[in-house]
Amino acid sequence: MTRRYDTVVRGGRIATAADDYLADLGIRDGRIVTIGAIAASQGEEVIDAEGKLVIPGGIDSHCHMDQQPIDGVETADDFFTATRAAACGGTTTVIPFAMPLPGQSLADVARDYRRRGDGKAAVDFGIHLIVIDPNPQFLGQELPAFVAEGITSLKIYMTYEGFRLVDRQCLDVLKAARREGALVMVHAENDDMIEWLTEELIAEGKTALRHFGDAHAPIAEREAASRAIALSELARHPILIVHVSTEAAVAEIERARMRGADILAETCPQYLLLDEGHLSTHGIEAAKYICSPPPRAKGEAEKLWRALRRGAFNVFSSDHSPRIFASARGKMRHGGDAHFHQVSAGMPGIECRLPLLFSEGVNKGRITIQQFVALSATNAARIYGLSPRKGSIAIGADADLAIWDPHKRVTIRHSILNDATDYTPYEGMEIAGWPVATLLRGRIVAREHRFLGAAGQGRYQQRARFTP
Ligand code: DUC
Ligand code: ZN
Ligand code: ZN
């Protein structure tokens with residue numbers, strides 16, 4: 001007997017950014033072709049989703065993997081290990097960054113980066129470009145070629161010597177991005193403020209790791225966010241402010257929206273679940289929690305949860321920046337007595353991103369399941385040019401699905417995770433809800449923390465131009 005579907009997902013509760021209903025899904029050639037009541041006999045394979053939630057596979061639109069070492073510190077994950085972990089956490093598409101070092105050609109780096117993904121990615125992937133040298137050749141000739149290849153987003157830094165752009169350069173990037181249809185993502189922290197504070201702290205002998213948070217003061221984020229918004233308004237092109245960590249920056253964003261500016265915003269698990277107390281952890285252990293911007297004062301996270309609930313954020317990404325803790329090529333680059341400004345900033349989070357948001361957001365009643373889906377997949381698909389193929393459960397869409405047991409209790413341990421680092425900032429945390437199966441274009445690629453797919457099965461995604 002010929003069966004109508006390669007796979008049928010039966011009995012699940014389907015949740016999208018708009019809906020929540022009971023239905024079966026029929027999948028053929030990697031796509032969803034039927035949503036309704038489907039007999040089990042119609043599927044070559046039948047997945048029982050009774051009592052489970054069936055939601056779009058997550059899109060992690062801000063994560064780092066296989067970047068070049070900076071000052072001897074490596075990105076612990078390559079495309080394979082990062083995307084294996086992503087799949088086990090319910091994510092089916094990632095958009096990491098091609099990043100040149102000062103003096104390198106971004107065009108060369110980006111071509112090489114795409115080849116690496118083609119060989120190793122275990123989920124589908126796109127690429128962002130990090131622009132550190134917006135010269136006329138790049139903005140005039142190379143950027144249009146990249147946009148034509150489906151690389152339709154750029155990240156710029158307002159901090160970090162060698163990487164940061166001055167305001168005039170930001171404007172040049174915004175103008176070119178507007179012309180070509182690319183989205184500009186902004187790391188908004190005021191570099192001079194951070195440098196000045198760092199020097200002050202060192203002069204006072206305040207070099208312990210907890211002072212990282214003092215150097216990266218909230219006002220440095222607020223000022224840079226406000227300036228980035230002004231530059232965006234002047235250039236008449238939207239920006240997306242990444243890893244927003246403070247209510248003060250949210251207020252700048254919301255004020256700008258009130259006057260009609262098109263400003264998009266992202267936050268990440270570390271700003272909702274960690275705080276400055278983690279940076280005061282005993283000794284070098286605190287290095288695990290150093291990221292930029294840093295976890296903030298106690299109480300700030302609850303304000304960000306409220307902002308998330310009222311719609312202040314468009315996307316929720318991991319900012320997975322994996323460094324090995326116990327390695328001279330990772331957090332220990334300058335040894336166990338390193339000062340706060342010597343520890344490489346970044347933490348892993350690609351696998352726990354969605355379980356953390358689900359457990360602490362949906363299960364605790366802070367956000368709805370529709371908001372969860374919007375923040376974890378649907379909005380990123382639209383903003384980054386992946387819809388309608390990705391980010392939703394709809395006829396014709398890729399069958400990228402995460403089947404969740406909304407009550408499954410998990411104690412987070414690094415030993416159950418699949419990345420290539422040696423720690424998780426969420427060690428020991430008890431949460432409820434985890435994806436028990438992840439499907440990439442109709443094929444099961446992960447089950448119960450175990451990766452079942454293969455390196456290289458992820459496909460490069462040609463993304464559409466950004467349309468405000
Ligand atoms: N910014 C990021 O977006 N990720 C890692 C470190 C940083 O500064
Ligand atoms: Zn950043
Ligand atoms: Zn990042």
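Are Lys155 and His187 buried or exposed? Lys155 is buried, and His187 is buried as well. The legends below describe close-up views of a predicted model.

**View 1. The zinc ion (ligand 2) and its protein donors Lys155, His187 and His243.** The coordinating atoms are NZ of Lys155, ND1 of His187 and NE2 of His243, at 2.1 to 2.2 Å from the zinc ion (ligand 2). Along the chain these donors follow the spacing K-x31-H-x55-H. Lys155 belongs to strand S11 (residues 153-157) and His187 to strand S12 (residues 183-187), so this pair ties together parts that are 32 residues apart in sequence. Both Lys155 and His187 are buried. The zinc ion (ligand 3) is also in this view, with 4.3 Å between it and the zinc ion (ligand 2).

**View 2. The zinc ion (ligand 3) and its protein donors His62, His64 and Asp319.** NE2 of His62, NE2 of His64 and OD of Asp319 lie 2.0 Å from the zinc ion (ligand 3). The donor residues are spaced H-x1-H-x254-D in sequence. His62 has a relative accessible area of 0% and His64 one of 7%; because the limit for a buried residue is under 20%, His62 is buried and His64 is buried. The distance from the zinc ion (ligand 3) to the zinc ion (ligand 2) is 4.3 Å.

**View 3. Ligand 1 and the residues around it.** The surrounding residues are His62, His64, Lys155, Tyr157, Tyr160, His187, His243, Ser292, Asp319 and Ser321. Among them, His62, His64 and Asp319 are protein donors of the zinc ion (ligand 3), while Lys155, His187 and His243 coordinate the zinc ion (ligand 2). An oxygen atom of ligand 1 is 2.9 Å from a polar side-chain atom of His62. The side chain of His64 has an N or O atom 3.0 Å from a nitrogen atom of ligand 1. For Asp319, a polar side-chain atom is 2.9 Å from a nitrogen atom of ligand 1. On its own, ligand 1 has 240 Å² of accessible area, and the protein covers 93% of this.

**View 4. Strand S1 and its pairing with strands S2, S4 and S5.** Strand S1 (residues 5-15) pairs with strand S2 (residues 20-28) in the antiparallel sense, over seven bridges. Four residues separate S1 from S2, and the two strands form a hairpin. Thr7 has Ile27 in S2 opposite it. With strand S4 (residues 43-48), S1 pairs in the parallel sense over five bridges. Here Val9 stands opposite Ile47. S1 also pairs in the parallel sense with strand S5 (residues 53-56), over two bridges. Ile14 has Val54 as its bridge partner in S5. Strands of a sheet pair through backbone hydrogen bonds, either parallel or antiparallel.

**View 5. The open sheet formed by strands S6, S7 and S9.** The three strands are arranged in the order S6-S7-S9, with parallel pairing. Strand S6 (58-60) and strand S9 (124-125) are the edge strands, each pairing on one side only. S6 and strand S7 (residues 91-94) run parallel and are joined by three bridges. The bridge partner of Asp60 in S7 is Val94.

**View 6. Glu300 in helix H11.** Helix H11 spans residues 300-309 and contains Glu300. Glu300 counts as buried, at 15% relative accessibility. Apart from neighbours within four places in sequence, Glu300 is in contact with Ser245, Thr246, Glu247 and Ala248. Ile263 is 37 residues from Glu300 along the chain, and the C-alpha atoms of the two residues are separated by 21 Å.

**View 7. Arg441 in the loop between strands S17 and S18.** The loop holding Arg441 lies between strand S17 (430-440) and strand S18 (443-447). With 16% relative accessibility, Arg441 counts as buried. A polar atom of the Arg441 side chain is 3.0 Å from the backbone oxygen of Gln457. Apart from neighbours within four places in sequence, Arg441 is in contact with Gly30, Asp124, Lys390, Asp398, Ala399, Asp400, Gln457, Gly458 and Arg459.

Key. Residues are numbered from 1 along each chain as its sequence is written. Chains are lettered from A and ligands numbered from 1 in the order in which they are written. This is a predicted model: local features need pLDDT of at least 70, side-chain atom pairs count only at pLDDT 80 or more; totals for chains, interfaces and linings use all residues. Side-chain values use heavy atoms; hydrogens and water are left out. Donors are N, O and S atoms within 2.8 Å of the metal (3.2 Å for Na, K and Ca); water is not among the atoms, so sites may look incomplete. Buried means under 20% relative accessible area, exposed over 50%, partly exposed in between (1.4 Å probe, protein chains only). Contact means heavy atoms within 4.5 Å. A residue is near a molecule or strand if one of its heavy atoms lies within 4 Å of it. A polar contact is a pair of N or O atoms within 3.5 Å; within protein, one must be able to donate a hydrogen and the other to accept it, and residues adjacent in sequence count only if both atoms are side-chain atoms. Accessible areas come from the Shrake-Rupley method with a 1.4 Å probe; for residues, only the protein chains shown count as cover. Two strands pair if DSSP finds at least two bridges between them.
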